[in-house]
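Me: Please go through this structure with me, one question at a time.

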Amino acid sequence: DPVMFTNPAPRYAELRRTAPVSTVRSRQLLRGGTGYMVTRYDDVLQVHTDPRLSSDILRHTRGGRLIRFAPRVMRLLTDSMVFKDDPDHKRLRRLVNRAFTPKRVQRMTGHIEQVVDELLDDLDRRAEADGTVDLVADFATALPLRVISEMMGVGPADRHDFHRWVERFTTAQADGAVALLRAMPTGRTMVKLFDRLAAERRADPDDGLITALVRAKEDGDQLDDDEIVGMIFLLLLAGHDTTANLIGSSVVALLEHPEQLARFREEPDIAETAVEELLRFTTPVPCGAARVATEDLEIGGTEIPKGAQVLGMIISANRDETVFDDADELDLGRHPNQHITFAFGAHYCLGNQLARLEGRLALRALVARFPDLRVAVPHEELRFKPTQSLRGYRELPVALR
């Protein structure tokens, strides 16, 4: 239903009041796409923490078991830690944490600021020539994609093709199964690049993220070749599209709340709480990966049978009026702010610190540089990506002056 993209908050509010656990048909679900959708905050937390709800949906559903016959690119993604339970999840997470550390992310601050400035210079030149720019393609997507590709050691010679492949593959993900099948050749090309990069870093280590993944060891254990390539793929896809959605949606939210935009410009110290509130208010990832019940259980007073798939709607939980005062209002100073945009529990988003840092630096510089920034088309003409797994604009035409 288009309203679930353009203005979903009232419908989720109604579901929280009248049907907090409801049956749903969604492309997010395997085996015919039917299951249960959970909309209240506490119930969504249960979906993320109850050991009777498995993330290994591929093992627990017949449709999932057919994945072993899928192309390698799909098997690499579906065999990642997103779709694992402990102890397999804990093993992969522990090894990747040795490579993708908070210190590594923090060291990127100065470089990200430089990339932001360069991209804003490019925006300025494009705006002078064309009058308007697409903030999604030219800034919101370009920033995290450049950062993550540089972290992974994708050299300048490969970067143009790499960005084009990523755009084609992620767009296909949003457009559904048929488009994704058509994008498989692009996926295979990307995997070949990742295979090559992993081999190069084994032979010639550097200080980048792929070398760190190759070298990550604990108690004699380390990632095998497919696990390294799958993790590169996961970090790439999860690490750029979500941040792009955050930046684009946050710009629209700020422009629609001019008093909060003025506050963001005038109070530099508010940047951290502002980004936390924008993460809650825009929720770039509306729902986490589906879980499957490994036994009969109850959520919010509703019986969930063994084998049923369950979606926890983060986008609804982040507007739950029992948890957040004035939940539908944007308040950049909101504290406390217990949003679950990065999920909760064992599967808490690995890249949350990088996303927060990029969002904070990008938004602060953008609104300071262009005080007359405005959306260049009527709001009703803005188009969202047609998927429930990612919430963001396909394009965002803006005028800078």
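Reply: Contact here means heavy atoms within 4.5 Å. This is a predicted model, in which local features need pLDDT of at least 70 and side-chain atom pairs pLDDT 80 or more, while totals for chains, interfaces and linings use all residues. Residues are numbered from 1 along each chain as its sequence is written, and side-chain values use heavy atoms, without hydrogens and water.

Me: Leaving aside neighbours within four places in sequence, which residues is F194 in contact with?
Reply: Neighbours within four places in sequence are set aside. The contacts of F194 are then M152, F162, V229, I232, F233 and L236.

Me: Which helix gives the most to the largest nonpolar core?
Reply: A nonpolar core is a set of buried Ala, Val, Leu, Ile, Met, Phe, Trp, Tyr and Cys residues joined through side-chain atoms within 4.5 Å; buried means under 20% relative accessible area (1.4 Å probe, protein chains only). The largest such core has 96 residues, and F139 and F194 touch the most other members. With 16 residues, the top contributor is the helix at residues 225–256 (a DSSP run of H or I, at least four residues, numbered from the N terminus), namely α16.

Me: How many residues are in the second, separate core?
Reply: Y41, V44, L45 and I340 are among its members. The count for this second core is 19 residues.

Me: What percentage of the residues of the chain count as buried?
Reply: The count is taken over the 401 residues of the chain. The buried share is 55%.

Me: What does the C-alpha trace of the chain span along its principal axes?
Reply: The span is given along the principal axes. The values are about 60 × 55 × 40 Å.

Methods. Buried < 20%, exposed > 50% of the residue type's maximum accessible area, 1.4 Å probe, protein only. Helix = DSSP H or I, 4+ residues; strand = E, 2+ residues; numbered from the N terminus.
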